[in-house]
Amino acid sequence: LKEPLSFHVTWIASFYNHSWKRNLVSGWLSDLQTHTWDSNSSTIVFLWPWSRGNFSNEEWKELETLFHIHTIRSSEGIRRYAHELQFEYPFEIQLIGGCELHSGKVSGSFLQLAYQGSDFVSFQNNSWLPYPVAGNMAKHFCKVLNQNQHENDITHNLLSDTCPRFILGLLDAGKAHLQRQVKPEAWLSHGPSPGPGHLQLVCHVSGFYPKPVWVMWMRGEQEQQGTQRGDILPSADGTWYLRATLEVAAGEAADLSCRVKHSSLEGKDIVLYWEHHSSVGFIILAVIVPLLLLIGLALWFRKRCFC
């Protein structure tokens with residue numbers, strides 16, 4: 001995991017009307033999801049064996065109770081003041097809060113709330129403050145939230161004490177998993193044709209961990225600036241997947257290659273040559289097409305014999 005590291009909880013509350021809403025809650029160690037919230041049983045779900053960190057069962061029960069009460073109160077409060085705050089149904093509230101770690105030490109905490117995807121209010125020191133661009137709605141919202149100083153004190157304690165203790169324990173408990181090195185697998189394919197006489201070359205890289213990876217289409221030792229990298233996507237086993245594409249004229253693809261650099265390869269880059277991929281494709285076609293023709297002829301003769 002790259003520094004600075006963070007542990008944060010995200011809460012997305014979708015209010016469809018005055019009586020119907022949906023909550024999605026999850027916990028993340030940087031970009032790795034470690035927890036989720038089961039709203040049916042009001043319990044925290046641990047996604048990895050080490051997701052409990054070094055907290056005791058009693059501490060987790062206290063956090064579950066606190067979180068359950070907090071989500072109910074927050075949802076009811078937002079719904080109660082929706083009209084006064086000029087929130088128009090349907091609307092969405094997004095909240096992210098947690099703490100950061102840099103060079104092994106806690107460097108700060110954060111708690112931000114967005115309305116309809118735009119910055120709205122944030123928690124600093126021991127109170128809520130509006131974002132200037134959010135206008136009077138945010139100012140009024142902060143005024144309502146700051147009326148309950150007891151809740152603010154609990155929030156401050158979670159950010160300044162509970163979160164730092166937890167992230168340090170989580171990193172220690174998950175050390176073997178988080179520091180592992182998994183080598184990527186790579187293969188080439190054609191993408192959708194970008195136009196007559198042109199090809200889209202696709203380099204797939206999957207199954208690698210940790211997340212940082214370098215993938216580039218090359219001509220000899222020259223990087224091809226037209227390389228388009230997609231998002232690095234998570235796989236079910238906790239590893240990552242990426243694809244890099246390049247559009248070229250059909251006659252210019254022969255001497256291209258895809259190069260992959262990753263920490264698990266220890267300097268031994270993966271290099272895949274497009275001309276080898278094309279040759280394999282032609283060989284497969286050369287074998288499969290005659291085979292299909294033979295099968296077709298055999299079936300035709302068999303049908304004639306039984307007639």
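**Disulfide bonds in the predicted model**

Cys-203 and Cys-258 form a disulfide, with 2.0 Å between their sulfur atoms. This description rests on a predicted model, and every value given here is computed from it. The bond bridges distant parts of the chain: Cys-203 sits in strand β10 (residues 198-208) and Cys-258 in strand β16 (residues 256-261), 55 residues apart. A torsion of -80° about the S-S bond makes the link of Cys-203 and Cys-258 left-handed. As for solvent exposure, Cys-203 has a relative accessible area of 0% and is therefore buried. Its partner, Cys-258, is also buried, with a relative accessible area of 1%.

A further disulfide joins Cys-99 and Cys-163, whose sulfur atoms lie 2.1 Å apart. Here again distant parts of the chain are linked, this time a strand and a helix: Cys-99 belongs to strand β5 (residues 91-102), while Cys-163 belongs to helix α3 (residues 149-173), 64 residues apart. The torsion about the S-S bond of Cys-99 and Cys-163 is about -85°, so this disulfide is left-handed. Cys-99 is buried at a relative accessible area of 0%. For Cys-163 the relative accessible area is 9%, and because buried means under 20%, Cys-163 counts as buried too.

Taken together, the count comes to 2 disulfides. When the bonded cysteines of the protein chain are numbered in sequence order, the pairing reads 1-2, 3-4. Another cysteine deserves a brief mention: Cys-142 has a relative accessibility of 3% and is buried.

Notes:
Residues are numbered from 1 along each chain as its sequence is written. This is a predicted model: local features need pLDDT of at least 70, side-chain atom pairs count only at pLDDT 80 or more; totals for chains, interfaces and linings use all residues. Side-chain values use heavy atoms; hydrogens and water are left out. A disulfide is a pair of cysteine sulfur atoms within 2.5 Å. Helices (H or I, at least four residues) and strands (E, at least two) are DSSP runs, numbered from the N terminus. Buried means under 20% relative accessible area, exposed over 50%, partly exposed in between (1.4 Å probe, protein chains only).
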